[in-house]
Amino acid sequence: RVVQEGSASPGDSLELHTRSPGTPSLLAAMTLWAEHRPDLGRLGKLAQSKGIATHWQGKIQQRLDYLSK
């Protein structure tokens with residue numbers, strides 16, 4: 001989650017303070033999101049992960065609904 005809103009520029013560093021056990025890394029989340037046909041179970045777990053923004057939860061749920069058809 002974002003602790004303090006701001007902007008980042010190329011070359012800036014980002015610091016991970018803590019990660020809740022069992023939550024995916026940003027790399028893992030974005031890799032799953034980028035898959036053409038991601039595993040629906042893993043996508044569902046991602047949507048329910050602690051710290052995922054409400055907006056992203058909605059986007060992930062929409063994709064789950066679409067892929068479940």
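**Helix packing and a pocket in a predicted three-helix model**

In H2 of this predicted model, the buried residues are Leu43, Gly44, Leu46 and Ala47.

Q: Which side of H2 do its buried residues occupy, and what arc do they cover around the axis?
A: The buried residues of H2 are Leu43, Gly44, Leu46 and Ala47. They lie on the same side of H2, because the arc that they cover around the axis is only 155°.

Q: Which exposed residues does H2 carry on the face turned away from its buried side?
A: The buried side of H2 is covered by elements that include H1 and H3. A residue counts as exposed when its relative accessible area is over 50%. On the face turned away from that buried side, the exposed residues are Lys45 and Gln48.

Q: What secondary-structure elements does the chain have, and in what order do they run?
A: The chain has three helices and zero strands. Read from the N terminus, the order of its elements is α-α-α.

Q: How far apart are the end C-alpha atoms of H3?
A: Helix H3 covers residues 54-67, which makes 14 residues. At 1.5 Å a residue, the helix should span 20 Å. The separation of its end C-alpha atoms agrees with this expectation, at 20 Å.

Q: What arc do the buried residues of H3 cover around the axis?
A: In H3, the buried residues are Ile60, Arg63, Leu64 and Leu67. They are placed on the same side of H3 because they cover an arc of only 105°.

Q: Why can residues three or four places apart in an α-helix point the same way?
A: The reason lies in the helical repeat. Residues at such spacings point the same way because an α-helix has, per turn, 3.6 residues.

Q: Against which helices do the buried residues of H3 pack?
A: The face of H3 turned away from its buried side carries the exposed residues Thr54, His55, Gln62 and Tyr66. The buried residues, in turn, pack against helix H1 (26-34) and helix H2 (40-48).

Q: How do the lining residues of the second largest pocket divide by chemical character?
A: This pocket holds about 170 Å³ of space. Its lining consists of Gly22, Thr23, Pro24, Ala28, Ala29, Leu32, Arg42, Lys45, Leu46 and Ser49, with at least two residues supplied by each of H1 and H2. By character, the lining divides into five nonpolar, three polar and two charged residues.

Q: Is Ala29 buried or exposed?
A: Ala29 lies in helix H1, and its contacts beyond four places in sequence are Pro24 and Leu46. Its relative accessibility is 12%, and the cut-off for a buried residue is under 20%. Ala29 is therefore buried.

Q: What distance separates the C-alpha atoms of Ala29 and Ile52?
A: Along the chain, Ala29 and Ile52 are 23 residues apart. In space, their C-alpha atoms are separated by 10.0 Å.

Q: Which residues does Ser49 touch, not counting those up to four places away in sequence?
A: Ser49 is found in the loop between H2 and H3. It is buried, with a relative accessible area of 11%. The residues that Ser49 touches are Pro24 and Gln57.

Q: What share of contacts between residues at least 6 apart in sequence joins residues at least 24 apart?
A: The C-alpha atoms of the chain fill a box of roughly 40 × 25 × 20 Å along the principal axes. Of the 69 residues in the chain, 19% are buried. Among the contacts in question, the share joining residues at least 24 apart is 46%.

Methods: Residues numbered from 1 in each chain as written. Predicted model: local features only at pLDDT ≥ 70, side-chain atom pairs only at ≥ 80, totals over all residues. Heavy atoms only, no water. Helix = DSSP H or I, 4+ residues; strand = E, 2+ residues; numbered from the N terminus. Expected span 1.5 Å × (residues − 1). Buried < 20%, exposed > 50% of the residue type's maximum accessible area, 1.4 Å probe, protein only. Arc of directions from axis to C-beta. Contact = heavy atoms within 4.5 Å. 1 Å grid on protein atoms, 1.4 Å probe; cavity = no way out; pocket = protein on both sides within 12 Å on 5 of 7 lines; lining within 4 Å. Points joined across faces, edges and corners; volume = space filled by probe spheres on them. Nonpolar A, V, L, I, M, F, W, Y, C, P; charged D, E, K, R; others polar.
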